[in-house]
Amino acid sequence: MKILNWLLVIAGICGLIGVRVLEDTLFYDPFLGYFHEANKNIAFPTFEWGKLIGGHLFRFVLNLLFSCLVIYGFFKNKQWTLQGLVMMVIVFMISLPIYLYCIHDKFEVGYLFSFYMRRFVIQPLIILLIVPMFYYRKQMMNKEGR
């Protein structure tokens with residue numbers, strides 16, 4: 001059974017890496033090149049709102065599924081996996097509108113602020129907090145004898 005859990009974790013991590021590696025071909029995001037240049041003076045890209053939001057939603061769903069595989073593989077707990085899913089959705093629901101406002105404002109809010117808000121939208125950064133949090137929770141439960 002432990003082999004299956006590790007396979008889930010590895011599949012989830014490979015999926016997350018795959019989303020990152022194939023981002024140019026899978027998703028509509030004209031800001032990939034803009035932020036990749038790391039030059040604030042480059043021309044603001046033209047884009048379509050609907051395609052941009054759709055691309056971010058699609059990317060979020062893929063990242064969410066692979067992240068849930070990682071969480072479930074590590075902890076074998078459906079309730080914790082659901083809690084992780086809810087936390088990731090909440091972070092996305094907070095960060096996406098802020099990022100879209102930054103785009104609407106043409107990053108006048110601040111280039112670095114917009115850059116990091118974009119990271120929360122397109123990358124599953126919250127999993128880096130969720131996994132250690134659940135690990136600590138598991139250790140505390142084992143210590144209490146649950």
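Which helix is Asn5 found in?

## Asn5 and the overall picture

Asn5 is found in helix H1, which covers residues 2-21. Is this residue buried or exposed? With 6% relative accessibility, Asn5 falls under the 20% cut-off, so it counts as buried. Setting aside neighbours within four places in sequence, Asn5 is in contact with Gly73 and Lys76. Lys76 comes right after H4 and has a positive phi, near 50°.

Stepping back, this is a predicted model. The protein chain has seven helices and zero strands, so from the N terminus on you just read α-α-α-α-α-α-α. Along its principal axes, the C-alpha trace spans about 60 × 30 × 25 Å. Of the 146 residues, 38% count as buried. The accessible surface comes to about 9100 Å², and 68% of that belongs to carbon and sulfur atoms. If you look at contacts with a separation of 6 or more, residues 24 or more positions apart account for 71% of them.

## Helix H5

H5 takes in residues 78-104, 27 residues in total. From its first C-alpha to its last it reaches 39 Å, close to the 39 Å expected at 1.5 Å a residue. At the start of the helix, a side-chain oxygen of Asn77 comes to within 3.0 Å of the backbone nitrogen of Gln79. After the other end comes Lys106, with a positive phi near 55°.

Plenty of H5 is tucked away: Trp80, Thr81, Gly84, Met88, Phe92, Ser95, Leu96, Tyr99, Leu100, Cys102 and Ile103 are buried. An α-helix has 3.6 residues a turn, so residues three or four places apart point the same way. What covers the buried residues of H5 includes helices H3 (31-37), H4 (49-75), H6 (111-122) and H7 (127-144).

## The nonpolar core

In soluble globular proteins, nonpolar side chains tend to be buried together. Here the largest nonpolar core has 29 residues, and the members touching the most others are Phe31, Phe35, Ile71, Met88, Tyr99, Ile103 and Phe107. H3, H4, H5, H6 and H7 are the elements that give two or more residues to this core. Which element supplies the largest share? That would be H5, with eight residues.

Take Ile103, one of the buried residues of H5. Leaving out neighbours within four places in sequence, Ile103 is in contact with Phe31, Phe44, Phe47, Trp49 and Leu52.

## Arg118, a buried arginine

Arg118 is found in helix H6. Its relative accessibility is 2%, so Arg118 counts as buried. What does this side of H6 meet? Not counting residues up to four places away in sequence, Arg118 touches Asp29, Phe31, Leu32, Phe35 and Tyr99. Among these, Phe31, Phe35 and Tyr99 also appear in the list of core residues that touch the most other members.

## Helix H4 and Lys51

How far apart are the end C-alpha atoms of H4? They are 38 Å apart, which agrees with the 39 Å that 27 residues should span at 1.5 Å a residue.

Lys51 has its place in helix H4. Because its relative accessibility is 43%, Lys51 counts as partly exposed. Asp24 sits 27 residues away from Lys51 along the chain, and the C-alpha atoms of the two are separated by 14 Å.

Note on methods: Residues numbered from 1 in each chain as written. Predicted model: local features only at pLDDT ≥ 70, side-chain atom pairs only at ≥ 80, totals over all residues. Heavy atoms only, no water. Helix = DSSP H or I, 4+ residues; strand = E, 2+ residues; numbered from the N terminus. Expected span 1.5 Å × (residues − 1). Buried < 20%, exposed > 50% of the residue type's maximum accessible area, 1.4 Å probe, protein only. Contact = heavy atoms within 4.5 Å. Polar contact = N/O pair within 3.5 Å; in protein donor to acceptor, adjacent residues only side chain to side chain. Core = buried A, V, L, I, M, F, W, Y, C linked by side-chain atoms within 4.5 Å. Areas by Shrake-Rupley, 256 points an atom, 1.4 Å probe, with all protein chains shown as cover.
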